[in-house]
Amino acid sequence: MGWPLAVSAGLMDKSPRALFRALWALAAGHLLATLLVLLPFAFLLVLAEWQRSIQLGASLLVIGFGVYRLIERRHPRTLARIPPTQLALWSFAVAIAHGAALMLVPIYLGLCQAFELDAGHQAAGALMKANLGMVVLVSLVHVVAMVGAGGCLAWLVYRYLGLRFVARSWFNLDAIWATSLILVGVVALAFNLASWR
């Protein structure tokens, strides 16, 4: 349905090049839209076929990253200097990288057996399966709670306590986090290797 736009571009510029540029742009947009819909399903098939290798690799990656964080104690300075114009992009990237919402995907897709879930996970599954609006509402409530709690702390430090208070009272959780990564990776690796036999 985009070909009239290509004709329009060619006629407005009085150039066949403009027509072909428009066709390339239309093709790129259509390809991206198609891939956006089809690729998640293709990735699910790949995950199913390579599940064992992915689990082993992920366990080793988590262990390796934990060891790296124990050795490299410096906190990246770039994370403290995000320009205001890039905060939404940073928030999106960190939320994706953190992966907290991914824990809910198996429940949402119905991949977990009901008898294996505790009451909280059963309630979350029932809420999310209710309809798409409920998924959006759960996400919005989560964001409002997170921004509300973080915003209160940010305002308290900014307005009353100051950075000196944070510098004196702050303790670095990197070693605890790195150790927990190693522990989780070792446990996942052990379970994976035990189930292989």
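**Exercise 1. Find which helix gives the largest share of the nonpolar surface patch in this predicted model.**

*Solution.* Start with the members of the patch: Leu-36, Val-37, Leu-38, Phe-41, Leu-44, Val-46, Leu-47, Trp-50 and Ile-54. Together they have about 920 Å² of accessible area. Next, look at where they sit in the chain. Helix α2, residues 16-49, supplies seven residues of the patch, the largest share. One of the patch residues, Leu-38, is found in α2, so keep an eye on it for the next exercise.

**Exercise 2. Compare the span of α2 with the expected value, and locate its kink.**

*Solution.* First, count: α2 has 34 residues. Second, take the distance from its first C-alpha to its last, which is 47 Å. Third, set this beside the 50 Å expected at 1.5 Å a residue; the two values are close. Now follow the helix to Leu-38, where you will meet a kink of about 35 degrees. Pro-40, a proline, comes shortly after the kink.

**Exercise 3. Explore the start of α2 and the loop before it.**

*Solution.* Begin in the loop between α1 (3-13) and α2, where Lys-14 is found. Its phi is near 50 degrees, a positive value in a residue other than glycine. For background, most residues other than glycine have a negative phi. Is Lys-14 buried or exposed? Its relative accessibility is 76%, and since the cut-off for exposed is over 50%, Lys-14 counts as exposed. Then move on to Ser-15: one of its side-chain oxygens reaches to within 3.1 Å of the backbone nitrogen of Arg-17, at the start of α2.

**Exercise 4. Identify the partners in the salt bridge and decide whether Arg-21 is buried or exposed.**

*Solution.* The structure holds one salt bridge. Its partners are Asp-13 and Arg-21, with their closest N and O atoms 3.8 Å apart. That distance passes the test because the cut-off is 4 Å. In general, side chains of opposite charge can pair when their charged atoms come close. As for Arg-21, its relative accessible area is 53%, so Arg-21 is exposed.

**Exercise 5. Step back to the whole chain, then find what lies across from Gly-64 in space.**

*Solution.* Count the elements: eight helices and zero strands. Of the 197 residues in the chain, 11% are buried. Now go to helix α3, residues 51-71, which holds Gly-64. With a relative accessible area of 35%, Gly-64 is partly exposed. Finally, compare two separations for Gly-64 and Gly-185: they are 121 residues apart in sequence, and their C-alpha atoms are 8.7 Å apart in space.

Key: Residues are numbered from 1 along each chain as its sequence is written. This is a predicted model: local features need pLDDT of at least 70, side-chain atom pairs count only at pLDDT 80 or more; totals for chains, interfaces and linings use all residues. Side-chain values use heavy atoms; hydrogens and water are left out. Patches are made of residues with over 30% relative accessible area and no salt bridge: like charges are joined within 9 Å, nonpolar side chains (Val, Leu, Ile, Met, Phe, Trp, Tyr) within 5 Å. Accessible areas come from the Shrake-Rupley method with a 1.4 Å probe; for residues, only the protein chains shown count as cover. A salt bridge is a side-chain nitrogen of Lys or Arg within 4 Å of a carboxyl oxygen of Asp or Glu. Helices (H or I, at least four residues) and strands (E, at least two) are DSSP runs, numbered from the N terminus. Buried means under 20% relative accessible area, exposed over 50%, partly exposed in between (1.4 Å probe, protein chains only). The expected span of a helix is 1.5 Å times one less than its number of residues. The bend at a residue is the angle between axes fitted to the seven residues ending there and the seven starting there. A polar contact is a pair of N or O atoms within 3.5 Å; within protein, one must be able to donate a hydrogen and the other to accept it, and residues adjacent in sequence count only if both atoms are side-chain atoms.
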